[in-house]
Amino acid sequence: MNRRQVLTGLAGIGLTGGSLWVVRGTDTGREDAFPITVETIDATGSTAGETTLPVADAPTLIDCFATWCDPCKEQFPKLSELHAEFGESVAFASVTNELIGRGTTQDELRRWWNTHGGAWPVGIDRDGAVLEAIGASSIPSLAIVDATGAIQWTDSGQFDVASVRTQLAAVAESP
């Protein structure tokens, strides 16, 4: 590992920690936090521009991750498996609150995304609004938000595939 990678990782940890401190220290009124629009990048399954969360007229699984986060890397194959199973009935979106352009570049984010098998929109949560909206206190964090913007389920840290599958099946069957 070179010095730049170490410094980038430390900066990311500090920035995420600061963002999470803000999240934990704020009364968010989460029930009306959505919709939130985030910038997206051009990568596999994603196009440059913007996406609104939750995705219009669809329940949405939101994955909050960081490129330096080892548990995020470890759970990515599980997310890909769930996307293959539920991607027709539940929208998937991943967001990072890393300071793209100030520590990690869009090219580095794109390479990470493509290397780890991302196949759905990937966005940049520049102001931590998504993390705040789902009440995330750490990353990785997941949330399932219904089409109206109501949070149906959240989890932080490594997740159990069977539990997430059950939650996704429940929102996929809802009218």
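Here is a short chat about one sheet and the helices around it in a predicted model.

The model is predicted, with local features needing pLDDT of at least 70, side-chain atom pairs counting only at pLDDT 80 or more, and totals for chains, interfaces and linings using all residues. Numbering starts from 1 along each chain as its sequence is written, and side-chain values use heavy atoms, leaving out hydrogens and water.

Student: In what order do the seven strands of the open sheet come?
Tutor: Strands here are DSSP E runs of at least two residues, and helices are H or I runs of at least four, numbered from the N terminus. Two strands pair if DSSP finds at least two bridges between them. The pairing is mixed, and the order is 2-1-5-4-3-6-7.

Student: Which strands stand at the edges?
Tutor: Look for strands with a single partner, so that one side has no neighbour in the sheet. Those are strand 2 (49-53) and strand 7 (151-156).

Student: Which residue stands opposite Ser94?
Tutor: Strands 4 and 5 run parallel, joined by three bridges. Opposite Ser94, in strand 5, you'll find Val122.

Student: Which residues of helix 3 are buried?
Tutor: Buried means under 20% relative accessible area (1.4 Å probe, protein chains only). Helix 3 covers residues 106-115, and its buried ones are Leu109, Trp112 and Trp113.

Student: Within what arc do those buried residues fall?
Tutor: The arc is taken from the directions from the helix axis to the C-beta atoms. Seen down the axis of helix 3, the buried residues line one face, because they fall within an arc of 100 degrees.

Conventions:
Buried < 20%, exposed > 50% of the residue type's maximum accessible area, 1.4 Å probe, protein only.
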